[in-house]
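Colleague: Got a minute to walk me through this model? I'd like to get my bearings before going back to the bench.

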Amino acid sequence: MRRRFAVASFSLAVALGCGTLPAAAAAPADTARSAPAVNALAAPDVDVTKVRAHLSELSAIAGRNGGNRRSTTQGYRDSVAYVKGKLQAAGYTVTEQPCTSGCTSGAGPNLIAEWPQGDANNVYMFGAHLDGVSAGPGMNDNGSGSAALLENALTLAQQNPAMRNRVRFAWWTDEEQGLNGSEFYVRSLSSTQRSRIRAYYNFDMVASTNGGYFINRITTSAAAPMKAYWDSLGLQPEENTEGAGRSDDYPFQQAGIPTSGYAMGASARKTSAQAAKWGGTAGSAYDPCYHRSCDTLTNVNTTGLNRAADGIAHTLWQQAVSSTTRD
């Protein structure tokens with residue numbers, strides 16, 4: 001997630017909090033799921049071990065490329081190649097979209113993947129930024145969202161259910177420099193193409209070690225399946241006020257497309273009330289390693305990552321999978 005810029009001066013906000021990591025950072029995968037409805041809309045359990053394996057690959061890519069995956073670097077381009085290869089092997093229609101205006105000079109492409117089934121006039125998009133900052137490998141910000149999204153895409157392909165609507169996945173470039181990749185994508189759409197997108201879901205920092213459970217635009221109809229899943233786990237999610245206007249859902253929102261998404265928080269500090277219901281350390285940043293070199297594989301809350309990955313699957317199945325089964 002990019003830092004918030006001041007309206008007048010565009011100076012960087014510098015609230016980087018540090019605090020003791022809660023036990024959740026090393027907790028085992030969450031297994032407490034509500035009993036699924038006995039019908040074709042019951043989403044599969046996304047294997048968090050596989051999500052973490054994608055994170056390990058992204059970490060290795062950063063390690064081979066100066067320790068980061070900034071949008072202008074080989075680390076980013078290698079990240080794109082890794083995700084693209086997995087998607088193509090699974091049967092997706094995959095497109096690299098060069099950002100030809102508005103992006104940082106030398107930034108790599110957006111990566112767009114469409115599952116070629118379902119009504120193309122009713123598209124549900126799921127996105128995460130793939131780039132990181134130059135300070136570190138960016139495992140929570142935003143390897144976590146990118147990896148959770150990738151394993152959801154691969155799970156959909158493996159399950160191969162009958163589709164009611166179309167699903168499109170996106171991994172954005174140059175988010176950390178100003179939401180540039182997603183803004184370029186939205187600008188590139190015709191009015192007809194925009195009208196076909198029924199909702200866009202964004203996943204940015206879904207494994208914060210001192211995190212909370214936040215949903216973008218939590219009271220909207222787009223957010224309803226996301227909230228329903230986390231409600232079923234008793235998480236009592238809250239509105240993502242810290243992330244408003246700071247990630248790749250914002251260009252879609254500005255274009256009039258319904259948006260939502262999951263987040264676990266960045267440099268803002270956890271309140272006492274939040275610590276009481278979610279655990280962790282009150283008064284410390286949700287992610288003490290936000291935009292720092294310590295945003296490594298040790299900076300990943302596996303329990304939160306698992307809950308986000310499964311909530312993405314629940315939302316995807318509710319919005320796009322058919323209630324009928326294949327012959």
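**Strands, helices and odd spots**

Modeller: Sure, let's start with one strand pair: strand S2 (residues 110-115) and strand S4 (residues 165-172) run antiparallel to each other, paired over five bridges. Within that pair, Trp-115 has Val-167 in S4 as its bridge partner. Keep in mind that this is a predicted model.

Colleague: What order do the strands of the sheet come in?

Modeller: The order is S1-S2-S4-S3-S5-S8-S6-S7, eight strands in an open sheet with mixed pairing.

Colleague: And which are the edge strands?

Modeller: Those are strand S1 (93-97) and strand S7 (238-239), each of which pairs on one side only.

Colleague: How does S5 pair with S3 and with S8?

Modeller: Strand S3 (residues 119-129) pairs with S5 in the parallel sense, over five bridges. S5 is also parallel to strand S8 (residues 259-263), this time over four bridges. If you want residues to click on, Tyr-124 has Ala-199 in S5 as its bridge partner, and Phe-203 has Tyr-262 in S8.

Colleague: Why is S5 described as largely enclosed?

Modeller: Because six of the seven residues of strand S5 (residues 197-203) are buried, it is largely enclosed by the rest of the structure.

Colleague: OK, which strands does H9 lie across?

Modeller: Helix H9 (residues 302-320) lies across S3, S4, S5 and S8, and runs at about 145° to S4. Helix H6 (residues 224-232) lies across S5, strand S6 (214-215) and S8, at about 30° to S8.

Colleague: How many helices and strands does the chain have?

Modeller: Nine helices and eight strands. Of the 327 residues, 57% count as buried. Also, among contacts with a separation of 6 or more, 80% come from residues 24 or more positions apart.

Colleague: Switching to helix packing. How do H2 and H3 sit, parallel or perpendicular?

Modeller: The axes of helix H2 (residues 74-90) and helix H3 (residues 139-159) come within 9 Å and cross at roughly 10°. That angle makes H2 roughly parallel to H3.

Colleague: Which residues meet there?

Modeller: From H2 you have Tyr-82, Val-83, Lys-86, Leu-87 and Ala-90, and they meet Leu-150, Ala-153, Leu-154 and Ala-157 of H3. By type, the residues of that contact split into eight nonpolar, no polar and one charged.

Colleague: What about backbone geometry? Which peptide bond is cis?

Modeller: The bond from Asp-141 to Asn-142 is cis, with omega near 0°. Asn-142 sits in helix H3. As background, most peptide bonds are trans and most residues other than glycine have a negative phi.

Colleague: On phi, what is the value for Met-205?

Modeller: Met-205 has a phi near 70°, which is positive in a residue other than glycine. You'll find Met-205 in the loop between S5 and S6.

Colleague: Is Met-205 buried or exposed?

Modeller: Met-205 is buried, at a relative accessible area of 1%. His-291 also has a positive phi, about 60°, though it is not a glycine. His-291 lies in the loop between helix H8 (272-278) and H9, and at 10% relative accessibility it counts as buried.

Colleague: Back to H9 for a second. What is Ala-320 in contact with?

Modeller: Leaving aside neighbours within four places in sequence, Ala-320 contacts Met-163, Arg-164, Asn-165 and Val-167. So that's the Val-167 of the Trp-115 bridge again. Ala-320 belongs to helix H9 and is buried, with a relative accessible area of 0%.

Colleague: How far is Ala-320 from Gly-118?

Modeller: Their C-alpha atoms are separated by 7.6 Å, while along the chain the two are 202 residues apart.

Colleague: Last thing: what is the mean pLDDT of the chain?

Modeller: The mean is 90, and 88% of the residues reach 70 or more. Over residues 5-40, though, the pLDDT is below 50; that stretch has 67 contacts in the model beyond near neighbours in sequence. Where pLDDT is low, the predicted coordinates should not be read in detail.

Technical notes:
Residues numbered from 1 in each chain as written. Predicted model: local features only at pLDDT ≥ 70, side-chain atom pairs only at ≥ 80, totals over all residues. Heavy atoms only, no water. pLDDT = per-residue confidence, 0-100. Contact = heavy atoms within 4.5 Å. Axes fitted to C-alpha atoms, helices over the stretch in contact; angles between N-to-C directions. Helix = DSSP H or I, 4+ residues; strand = E, 2+ residues; numbered from the N terminus. Parallel < 35°, antiparallel > 145°, perpendicular 65-115°, else oblique. Nonpolar A, V, L, I, M, F, W, Y, C, P; charged D, E, K, R; others polar. Buried < 20%, exposed > 50% of the residue type's maximum accessible area, 1.4 Å probe, protein only. Pairing = 2+ DSSP bridges.
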